Amino acid sequence: MADQQLVAFGDFAVDLVEERLWRAGSAVEIAPKALALLAVLLDRPGRLVGKKELFERLWGGTAVSDAALSRCIRELRVALGDDAGTPRYIATLYGRGLRFIAPVSHRATATPASSGATLVGRAREIAQLGEAMREVRDGARRAVFVTGEAGIGKTSLVEAILGQPAADGVWVGRGRCIEQFGAVEAHLPIIEALETLSRQAGDDRLGAVLARYAPAWLGELPWLAGRIDPTELARARAGATARRMVREIAHALEVLSAERPIVLWLEDLHWCDYASLDVIALLAGRREPARILLVATYRPDELDAPRAPLRALTHRLESSGHVRELALGYLDEASVAAYLSTRFADAPDALRGALARFIHSRSSGNPLHMTAIAEDLVRREVLRRSAEGWTARMPIDAGSLDLPHSLRQLIEQQFAQLDEPDRDLLLIAAAVGESFSAAALAIDPGADLAAIEERCMRLARRGRFLRPRDPVLWPDGTEAAGFAFVHALYRQALDQLIPESRRAPLHRRIGERIERGHGDLAATVAVELATHFEKARDLPRAQHYLALAGRGALMRHAYLEGIELMNRALAMIDALPAADRPRRELELLLPLGAALMAAKGYAASEVDACYRRALALCRADAARPEVARVIKGMWNVALVRAELDRAQDLAKELLDHAAGKGDTALAFDAHGKLGQTALHKGELVAARRHLEAAMSALTSLPSRSPPAEAPRVAAYLAWVVWYLGFPALALEHGRRALVLAREIGNPHSSAFALGFVAWLHHLRGETDRLLELANEQHALATENGLPYWLAWSRFLREIAASRGSDGRATLAAIRAAIDDGRVHGAEVGIVHFLVTAAETCRHKALAADGLALLDVAEALMNGNGNRYHAAELHRVRGEMRRLRGDDREAERCFRRALEIARHDAARALELRAATSLHQLRRDAGSQALLAQSLASFEADEGSADLAAARALLTGAHGTGGE
């Protein structure tokens with residue numbers, strides 16, 4: 001039997017190689033362990049297989065209870081529609097074992113095509129999807145979106161192609177998006193798809209690929225997380241960003257697809273979360289070859305919902321040609337007749353013709369409604385089967401049958417025919433969700449879980465409302481059969497039948513049952529619990545789980561989902577006891593502020609409003625420990641928005657808190673922030689004092705690992721001492737910043753240090769080193785999705801390349817990089833950017849463009865006080881005036897630059913201004929000024945500016961300023 005691929009019995013066929021079960025050409029959902037049991041029985045049809053052998057073959061000697069085998073047998077009977085009392089396939093010999101009693105036939109042919117029995121009228125779509133599958137097997141990446149209304153047959157179409165020979169030997173990762181009533185669970189369909197891939201590729205293989213190429217994702221997959229050292233896992237998650245996680249999982253799937261083609265099948269994309277859509281966008285949009293077929297289904301009518309992030313994605317991908325859309329329409333009457341010719345093969349032609357006309361008119365050609373009507377006619381015995389074939393008990397026409405016109409009405413009618421315990425169980429299930437564990441239905445104390453499972457299995461066996469899914473193991477050790485509604489429309493119809501007076505108490509009991517089953521790991525189902533408690537009108541508990549889910553999303557860098565969850569939790573604050581509100585609100589506002597910064601930029605109005613509210617709460621209770629954290633957040637916002645007076649006040653307040661608490665770590669942070677603010681205000685001496693105090697505090701911190709702010713403080717100090725006239729010392733501090741960044745290993749800290757030190761080398765006139773660090777920053781920012789630092793690196797690379805390139809093209813690229821930086825909320829460094837861009841215009845003889853840039857820079861500087869580069873602004877303006885032949889105005893600008901530089905103690909800028917003035921005047925007065933400026937520098941401190949000044953004084957022609 002081992003060399004036989006297909007074993008057939010009754011209406012069924014089992015593909016033992018690909019581990020699939022088919023019935024009349026359609027795939028049957030079956031738990032893996034149940035399918036393994038079937039394979040054991042089919043290995044010796046007609047012979048008794050004892051319990052001991054079954055345990056050994058299924059569990060490999062691992063100790064499990066008899067209940068595990070009983071559950072496995074029940075799941076297999078559900079899949080086969082078999083009955084233990086009158087078995088057609090599996091007979092139980094109590095206390096001894098099982099015997100497969102149906103005749104079987106062995107074939108070595110491929111899995112049967114599933115396009116015949118229930119899938120009709122889709123030949124064109126099957127051919128297109130099959131062609132995509134064949135192209136993927138040949139190494140081409142493909143993405144297909146299957147669209148259409150509920151019940152139109154999207155799932156059946158995908159199942160059909162997966163049952164064709166083109167899909168043989170393919171790994172399928174299937175994930176479902178779930179309607180979560182406003183709350184969102186980040187990466188939900190991707191995680192489920194990885195679970196199904198793991199069952200096919202094996203935990204060891206998937207775990208090894210993820211550990212190497214996507215380690216941060218192991219934190220998303222608890223059953224694999226044990227395969228990586230906890231310290232390494234924590235480091236991987238700490239160093240991850242949203243962009244990096246997307247790139248990592250895409251790369252890991254591509255690596256895995258080199259072993260076997262992968263179909264990533266994601267259903268109901270209209271309910272997808274933002275984080276998963278980012279993964280989909282990258283997988284579909286990349287041009288590199290990979291044996292990956294991305295298949296996604298969605299309902300176009302849902303794209304007009306208030307929260308439908310899918311619309312923008314589908315438009316972008318489809319318009320760019322990265323995705324092929326298969327839009328499914330209604331079936332025509334001929335297709336309905338084709339279905340009936342299979343379902344009622346031995347019915348008279350006249351009866352099938354009447355059925356086709358009737359069912360098409362009632363279903364409008366919707367396949368789900370079509371099959372539901374046909375099965376309902378059989379269930380009500382309007383259609384009966386005898387030895388002669390199918391006959392009708394009454395004429396088949398609209399006037400003779402009391403049949404509901406809509407599928408919802410038909411579902412409600414079928415529901416009314418059930419007994420009360422079944423109806424009650426299905427209403428509970430509808431409240432739980434589209435798929436569920438039978439354990440979630442055991443909401444009453446002392447409920448008989450085995451009886452609930454049996455009742456659900458009986459409904460599934462009869463094809464009534466439910467279908468089986470894999471068993472579910474809860475953290476408390478409860479293992480129960482899994483089920484799902486046969487279609488989302490069934491759950492929706494039944495959910496609407498729940499009386500309003502019963503709805504809230506029912507959701508409360510469901511929530512409490514799930515809560516008990518998950519215990520300390522309730523955070524893993526926080527969104528589900530929040531949904532139930534919100535519907536139960538238990539807002540304090542709903543608020544608690546929304547906050548828990550929001551923090552979990554932020555840990556996974558799913559910022560948009562985290563923001564949405566946090567905002568929903570904030571909206572419920574008033575439902576909490578008054579005494580708890582300030583604390584709980586602060587617990588939400590602080591992570592929300594950080595998420596808003598990451599998602600919308602430091603300067604976003606939402607960030608400012610969030611921190612202002614948090615600070616007001618802290619100041620209302622001076623003892624609140626969160627006040628320092630809030631002040632830090634507000635300082636970031638104020639500095640990046642170039643609100644420098646406000647930033648300085650906040651940093652002083654932070655220093656007061658540090659002094660009051662004797663907190664060295666907080667003192668380090670406060671001095672660092674005061675120093676950074678002072679630099680931007682042009683207060684260089686004060687800036688150096690605070691930054692050196694921060695670096696001194698750094699050596700006193702108890703932690704072995706430096707804080708994330710340390711590279712930033714060292715980099716700022718490097719700039720400050722360069723302006724003050726110590727270029728060699730600046731280089732030492734710059735090197736220290738890079739060492740600290742490497743030690744910390746945080747992408748943002750590293751990007752910051754690389755950018756600032758690269759610019760330091762620009763100030764020193766060292767273009768090669770500038771370009772080297774800018775390229776490193778660019779790669780890091782691209783890999784980790786850091787848009788602000790990406791714009792910074794682009795600017796620096798353009799500056800480095802500007803000498804040998806076309807002037808207009810370079811200026812356009814530089815302006816684009818500046819605009820990119822401002823889009824992400826950065827105003828604080830724009831004056832420096834603009835002045836540097838204007839200096840580039842000078843070298844390209846683009847005086848008008850340079851002067852225009854300087855006018856913008858001066859207006860910004862006068863408006864926000866960001867004046868540390870003020871002397872250089874006036875010097876470069878003088879160079880522009882000199883370029884246009886206006887020497888008088890040029891001299892005025894140079895002398896203004898000298899005046900400002902001396903006021904600010906900016907010896908580096910004073911030297912530049914003196915050099916430019918002497919290049920213009922070439923007289924004894926300007927020579928004396930330059931000599932005086934140069935004398936303040938030590939002879940061994942080298943830089944391009946010093947070399948130019950010395951050459952000018954000795955008679956050579958210096959250029960100054962670079």
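**Entry 1: helices α28 and α29**

I looked up the handedness of the crossing of α28 and α29 in this predicted model, and the crossing is left-handed. I then took the geometry of the pair: helix α28 covers residues 664-680, helix α29 covers residues 684-698, and they pack at an angle of about 155° with their axes 7 Å apart. Angles over 145 degrees count as roughly antiparallel, and α28 and α29 are therefore roughly antiparallel to each other.

I listed the residues that make this contact. From α28 they are T664, F668, H671, G672, L674, G675, Q676, A678 and L679. From α29 they are L684, A686, A687, H690, L691, A693, A694, A697 and L698. I sorted the residues of the contact of α28 with α29 by character and obtained 12 nonpolar, six polar and no charged.

**Entry 2: helices α28 and α30**

I next examined the packing of α28 with helix α30, residues 710-723. The angle is about 35°, and the axes are 10 Å apart. The crossing of α28 and α30 is left-handed.

I recorded the contact residues here as well. On α28 they are F668, G672, Q676, L679 and H680. On α30 they are A710, R712, V713, Y716, W719, V720 and Y723. The residues of the contact of α28 with α30 divide into eight nonpolar, three polar and one charged.

**Entry 3: H733**

I located H733 in helix α31, which runs over residues 727-744. Its relative accessibility is 17%, so I entered H733 as buried. I set aside the neighbours within four places in sequence and found H733 in contact with A714, L717, A718 and V721.

**Entry 4: positive phi at D268 and A905**

I noted two residues with a positive phi that are not glycine. D268 has a phi of about 55°, and A905 has one of about 65°.

I placed D268 in the loop between β11 (262-267) and α11 (274-285). D268 has 15% relative accessibility and therefore counts as buried.

I found A905 in the loop between α39 (887-904) and α40 (907-921). The relative accessible area of A905 is 28%, so I entered this residue as partly exposed.

**Entry 5: D332**

I traced D332 to the loop between β13 (324-327) and α13 (333-343). At 43% relative accessibility, D332 counts as partly exposed. I checked its side chain and found a polar atom 2.8 Å from the backbone nitrogen of S335. I also took the separation of the C-alpha atoms of D332 and A356, which is 9.8 Å; these residues are 24 apart along the chain.

**Entry 6: the chain as a whole**

I closed with values for the protein chain. Its secondary structure comprises 42 helices and 18 strands. The C-alpha trace spans about 120 × 60 × 55 Å along its principal axes. The chain has 962 residues, of which 56% count as buried. I considered the contacts between residues at least 6 apart in sequence, and 67% of them join residues at least 24 apart.

Terms used: Residues are numbered from 1 along each chain as its sequence is written. This is a predicted model: local features need pLDDT of at least 70, side-chain atom pairs count only at pLDDT 80 or more; totals for chains, interfaces and linings use all residues. Side-chain values use heavy atoms; hydrogens and water are left out. Axes are lines fitted to C-alpha atoms, for helices over the stretch in contact, and angles run from 0 to 180 degrees between N-to-C directions. Helices (H or I, at least four residues) and strands (E, at least two) are DSSP runs, numbered from the N terminus. Angles under 35 degrees count as roughly parallel, over 145 as roughly antiparallel, 65 to 115 as roughly perpendicular and the rest as oblique. A crossing is left-handed if the near helix is turned anticlockwise from the far one by less than a right angle, and right-handed if clockwise. Contact means heavy atoms within 4.5 Å. Ala, Val, Leu, Ile, Met, Phe, Trp, Tyr, Cys and Pro count as nonpolar, Asp, Glu, Lys and Arg as charged, and the others, Gly among them, as polar. Buried means under 20% relative accessible area, exposed over 50%, partly exposed in between (1.4 Å probe, protein chains only). A polar contact is a pair of N or O atoms within 3.5 Å; within protein, one must be able to donate a hydrogen and the other to accept it, and residues adjacent in sequence count only if both atoms are side-chain atoms.
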